[in-house]
Structures are given as structure tokens and as C-alpha cells.
Amino acid sequence: MTNERDFYRELGRVPEVPRVIYEKVDRTVRRQALFSRAVLAVAALFIVALGTTGVLFVRKGNDRTVSPEVVAELQTVHNYLAGSDLDKEYESYALYEVETQE
Amino acid sequence: MVDCDRVTLEQAAQGDEKAFRRLYDHYAPFVWRIVYRTSGSDHETAQEIVQETFVRIHRSLKSFNGSSSLGTWIYRIAFNAAQNFVAKLVRYRETTRPLADDEPDSRFPADTYEASEAVKKVLDGLTAEDRFLLVAKEVDGLTFEEIAAISGKSPESLRTRMSRMKEKIRTFVNGTLLPLEATS
């Protein structure tokens, strides 16, 4: 090292840009692109699957009508479970007893 | 600092591989030089940083809004990547013993070994920012304004730092061998 000029000349002397860098960049970019496409494809597939199974469509409660027979049956079951039909039953039995006594 | 043309930039942002290759060929030599010197002249490490830099550039090209020149933007990414690496390296060296590296670098001919060792010693005594400043200014001829746009420092402070750094380098190469310290 003799003078500053040598120092700065040496500072600027670096090896050539290795060719392998671009190949690696290209490979990484392709892999990332492939990965994002795969993620998008899976997401799209998921949305389509949800769509076809009807999960995505939110139905309003009054969109559906239930037949009166089913309503009556459900009401009966509900009354039985809740015990609200007991009074009516007592009345029926009472009437039955009165009728049999007569 | 001559920028790549607008058409190449737009084509590369649209995913044109040839345009991205042109962009790479245009900026890679400078990015390589800066990263190589900033990261301590380690071939493998510099390769990894440059690779990471261009992968980031490719990913972010669409979001480049033109608020600065493309070159400034690219060099900022490279500068940040190199700086992050150096910070990690410093932390690593603080927790482990320093690597013995007294063997001559086989990539350089014997007669330039002394010069390359002097450069290495000088760079080892500088911060990543100062290394970047030194190479960008003295090797690639960037203006203080351009370096300021990349590093986020004011041109005035860069001028002062450069002046101090050159003084220390002058002292060093003139044989007094004073240890170099960060100029900031």
C-alpha cells in the first residue's frame, strides 16, 4: 500500500457479479409465484365448495313455510314437554269421570 | 446514477421476465459492489444479500410509486438488507469468538493481497453506513444528495462524515496505522 490512490483503486476492485445470483433470484421468484397461485387456487376451490353446499347463502327465517299439520304436531309435542296441556287433560278426565258416573 | 428506462420498469412490474432481467443487468453491478463491500467482502454473504434484494425488488415493483428515482429505491433496499446483515453479524460476533481469517484471499493475486488487506482493515473499522458512503461516493461517484436520498441522512452530515473518514484513511494508508473508528 503506497498511497491513497492505491487504496481507492483497490476499494473499487470487486469480483464480477456471480452469474448464479440471477438464476437463484429467478428460481425463487418462480417458486413464490407458483406458491401464491396454489394458495389462490385452494382459496377459490374452498369458496366454490362452500357455495355449492349452500353454507355461504344465508337464508331468512320466513323464506321457508311449514305445513299446518307439522305445526300442529310440533305444538302438541311442545305442549307435552312443557306441561301446558295438563289442565286440558284434567278437564278431559274429569268429564270422563262425570260421564261414567252418570 | 443513470436510471433504467420507464418502459422496462413498467414491463417488469407487469411480470415480463425479459424486462426484469434487463433491470437486473442494469442495477446488479452497483448493488453487488455496495453489498460486497458493506457486508465485509464476504463472497457468499454478498451473494445471499443481493439475491434477497432482487427478490424483494421483484415482489415490490408494482408498489413502486415513483416518489424517488428507481435507482434510489433499489439502492435503499440493498442498503437496508446489507445493514440488517451487518447488524446481525455484529450481534453474532459479540456472542461468539471472532473468526480467524488471516489467510490470504485466494481470489486475489499475491501482489494485491496487501492492498486488499488494507481495504479490509479499513472497512472493518467502519459502520455499515460509512462503508456504504465510502463505496457509493468514491467508487461509484454518487452525489451526496443521491446518497442522502438512499440512506435518509442529510447531505451536509454525509459531507462531514466523508471528510473525517477520508482524513482517517489518509492517516492509515500513510503508515501510521491508527485504528479506524466509526466517524459518526
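This report walks through two chains and the way they meet in a predicted model.

## Chain A

Chain A is an all-helix affair in DSSP terms, with four helices and zero strands. Reading along the sequence, you get α-α-α-α. Not much of this chain is tucked away: 6% of its 102 residues count as buried.

Helix α3 of chain A, residues 68-82, makes a handy check on geometry. Its 15 residues should span 21 Å at 1.5 Å a residue, and the end C-alpha atoms are indeed 21 Å apart, so expectation and model agree. α3(A) is also hardly covered, with a count of zero buried residues among its 15. Just past α3(A) comes A:Gly83, which takes a positive phi of about 80°.

## Chain B

Chain B goes for helices as well: eight of them, and zero strands. From the N terminus on, the elements run α-α-α-α-α-α-α-α. Of its 184 residues, 34% count as buried. If you look at contacts in chain B with a separation of 6 or more, 61% of them come from residues 24 or more positions apart.

For a close-up, take B:Leu70, which sits in helix α4 (residues 70-95) of chain B. The cut-off for buried is 20 or more other C-beta atoms within 10 Å; B:Leu70 has 22 such neighbours, so it counts as buried. Setting aside its neighbours within four places in sequence, B:Leu70 is in contact with B:Asp3, B:Cys4, B:Leu9 and B:Phe64. One of those partners, B:Leu9, is 61 residues away in sequence, yet the two C-alpha atoms are 8.4 Å apart in space.

## A helix pair inside chain B

Now for α2(B), residues 17-38, and α6(B), residues 128-139: their axes come within 9 Å and cross at roughly 140°. Angles over 145 degrees would count as roughly antiparallel, so at this angle α2(B) is oblique to α6(B). The crossing is right-handed.

On the α2(B) side, the contact uses B:Arg33, B:Ile34, B:Arg37 and B:Thr38. From α6(B) come B:Ala128, B:Arg131, B:Phe132, B:Val135, B:Ala136 and B:Val139. Sorted by class, that gives six nonpolar, one polar and three charged residues. The spacing along such lists is worth a glance, because an α-helix has 3.6 residues a turn and residues three or four places apart point the same way.

## Where the chains meet

The contact between the chains takes 19 residues from chain A and 27 residues from chain B. On the chain A side, α1 (4-12) and α2 (20-52) each supply at least two residues. α1(A) gives the most to that side, with seven residues. By class, the chain A side divides into twelve nonpolar, three polar and four charged residues.

One helix pair spans the two chains: the axes of α2(A) and α3(B), residues 43-60, come within 9 Å and cross at roughly 45°. These two helices are therefore oblique to each other, and their crossing is right-handed.

Which residues make this contact between α2(A) and α3(B)? α2(A) brings A:Ile21, A:Lys24, A:Val25, A:Thr28 and A:Val29. α3(B) answers with B:Gln47, B:Val50, B:Gln51, B:Phe54, B:Val55 and B:His58. The class tally for this pair is six nonpolar, four polar and one charged.

Conventions: Residues are numbered from 1 along each chain as its sequence is written. Chains are lettered from A and ligands numbered from 1 in the order in which they are written. This is a predicted model: local features need pLDDT of at least 70, side-chain atom pairs count only at pLDDT 80 or more; totals for chains, interfaces and linings use all residues. Two residues are in contact if their C-beta atoms, placed from the backbone, lie within 7 Å. Ala, Val, Leu, Ile, Met, Phe, Trp, Tyr, Cys and Pro count as nonpolar, Asp, Glu, Lys and Arg as charged, and the others, Gly among them, as polar. A residue is buried if 20 or more other C-beta atoms lie within 10 Å of its own, exposed if 12 or fewer, and partly exposed in between; C-beta atoms are placed from the backbone. The expected span of a helix is 1.5 Å times one less than its number of residues. Axes are lines fitted to C-alpha atoms, for helices over the stretch in contact, and angles run from 0 to 180 degrees between N-to-C directions. Angles under 35 degrees count as roughly parallel, over 145 as roughly antiparallel, 65 to 115 as roughly perpendicular and the rest as oblique. A crossing is left-handed if the near helix is turned anticlockwise from the far one by less than a right angle, and right-handed if clockwise.
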